[in-house]
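Me: Please take a close look at the enclosed empty space inside this protein. I should like a connected account of the cavities and of the residues that line them.

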Amino acid sequence: MIFDYDVAVVGSGPAGTSTALHLVRRERVDASRIVVLEKASHPRDKPCAGAVSTWGLDALHAVGIPLDVPHVVMRGLRVFAGATVGTHAARLGVVVRRCEFDWSLWRHAAAEGVAMRENEPLVSVEAVAGGWKVTSRLRTVTARYLAACDGSASTVRRLLGLRETARKGHLYVTETPLRSGDVGPEQGLCDFDLRVADSGIEGYYWDFPTIIDGKRSVSRGIYHANFTRGSSLKEAFARALAARGWRIDDLRLKPFSTRPLVRGALLFKPRLVFVGEAAGIDATTGEGIAQAILMGGLAAKHLARALRAPDGSLAGYAEELAHAPVGRHLMQSAWLARRVYGPGGAKWRAFLAQDAFAREAGARWYAGSSSTWPTKVRLGIALGRALARAREPAR
């Protein structure tokens with residue numbers, strides 16, 4: 001069978017465009033043999049906090065893609081737990097607006113010669129001998145390989161009838177002007193308010209600095225990992241906003257969901273890879289932009305290898321992802337989220353707010369640095385001491 005393309009990429013967020021750009025720029029696959037199918041048109045609104053940690057930016061830089069959209073540098077973080085506010089200053093990455101960031105990556109892929117198709121939601125996906133037949137609202141294309149990069153609501157997964165391996169996280173985000181009381185965002189710091197977990201939210205409230213139409217603004221949101229049912233996320237968001245002087249009814253709320261990467265997650269099928277949030281992202285923070293960029297690079301490597309190999313297998317993708325820094329990070333995040341946000345998590349949250357080294361290690365981990373064994377040992381000792389102090393009777 002003669003195929004229209006070697007690779008069809010579904011979705012043009014950071015996962016899809018990263019996969020396409022890595023295929024062309026690093027793996028030297030002919031750009032004219034790659035098609036990207038996007039259900040919307042750019043620039044399109046995408047609910048998201050917009051945080052891109054440094055390792056995602058480094059991955060783009062490695063293939064020559066500049067950060068050419070308005071952004072705010074994340075200069076550190078503040079962690080709220082109980083009556084404690086802990087601060088750590090460090091360059092963590094940037095905050096962007098997804099409508100601008102995704103469109104920039106789209107333009108870079110188009111400039112490489114990749115066939116970029118907008119306003120083409122999928123209608124069907126069918127495995128054929130040696131590849132895939134993909135039908136959008138406007139056309140049918142065939143490709144030897146398929147990269148599903150279409151987010152938490154993955155149409156590819158739905159059309160193939162694939163079951164979820166874990167409950168999806170739930171989020172709300174809104175954007176407001178910067179006010180004088182926004183101490184953290186004013187300084188370029190990202191606020192993580194873990195106090196919402198005390199009322200049953202398995203996650204945190206955030207205030208991140210951002211820029212909208214050239215004006216300093218704040219991305220405000222709430223994340224619920226959604227391990228269990230029962231808590232009203234919107235009510236908790238309303239309370240957190242009210243504490244900062246905002247009425248929820250006066251704001252435009254944008255709900256969205258995230259798929260966490262957990263053990264047993266489906267990462268590939270014959271001639272098909274799942275990339276970014278179609279596979280799963282960070283369960284602790286709900287972040288996925290940097291992870292999607294890095295996963296796109298791994299997917300491109302294995303797609304290119306499969307194109308040139310006699311057996312055309314993609315099995316190595318899942319194995320390498322499991323051992324790559326981004327895969328280990330995501331598995332650690334899945335483990336950590338249940339400790340920090342689950343029953344008994346109050347001691348973990350208090351430790352993070354109170355212990356300077358814990359915040360430093362957390363910031364490095366967030367930005368993509370692996371936690372070494374000495375770091376883990378030091379954190380374990382510090383956590384043990386903190387728990388012992390908490391058990392001591394009051395004097």
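Reply: Two cavities of 30 Å³ or more are counted in this predicted model. The idea behind such a search is simple: rolling a probe the size of a water molecule over the atoms shows where empty space is left.

The largest cavity holds about 110 Å³ of space. Its lining is made up of 14 residues, and those closest to the centre of the cavity are Lys-46, Cys-48, Arg-97, Arg-98 and Glu-175. Sorted by class, the lining of the largest cavity comprises six charged, five nonpolar and three polar residues.

The second largest cavity has a volume of about 30 Å³. Its lining consists of Arg-157, Glu-164, Thr-165, Arg-259, Pro-260, Ala-265, Leu-266 and Ala-279. By class, four of these lining residues are nonpolar, three are charged and one is polar. Arg-157, Glu-164 and Arg-259 are the charged members, because Asp, Glu, Lys and Arg count as charged. Pro-260, Ala-265, Leu-266 and Ala-279 are the nonpolar ones, since Ala, Leu and Pro are among the types that count as nonpolar. Thr-165 belongs to neither list and therefore counts as polar.

For the outside of the protein, one nonpolar patch may be added to this account. Trp-373, Val-377 and Ile-381 form that patch on the surface, and together they have about 350 Å² of accessible area. Val-377 lies in helix H12, which spans residues 373-391. With a relative accessible area of 47%, Val-377 is partly exposed; this value meets the requirement for patch members, because they must have over 30% relative accessible area.

Note on methods
Residues are numbered from 1 along each chain as its sequence is written. This is a predicted model: local features need pLDDT of at least 70, side-chain atom pairs count only at pLDDT 80 or more; totals for chains, interfaces and linings use all residues. Side-chain values use heavy atoms; hydrogens and water are left out. Patches are made of residues with over 30% relative accessible area and no salt bridge: like charges are joined within 9 Å, nonpolar side chains (Val, Leu, Ile, Met, Phe, Trp, Tyr) within 5 Å. Accessible areas come from the Shrake-Rupley method with a 1.4 Å probe; for residues, only the protein chains shown count as cover. A salt bridge is a side-chain nitrogen of Lys or Arg within 4 Å of a carboxyl oxygen of Asp or Glu. Helices (H or I, at least four residues) and strands (E, at least two) are DSSP runs, numbered from the N terminus. Buried means under 20% relative accessible area, exposed over 50%, partly exposed in between (1.4 Å probe, protein chains only). On a 1 Å grid over the protein atoms alone, a cavity is a set of points where a 1.4 Å probe fits but cannot get out, and a pocket is an open set with protein on both sides within 12 Å along at least five of seven lines; lining residues have an atom within 4 Å of a point. Grid points are joined across faces, edges and corners, and a volume is the space filled by probe spheres set on the points.
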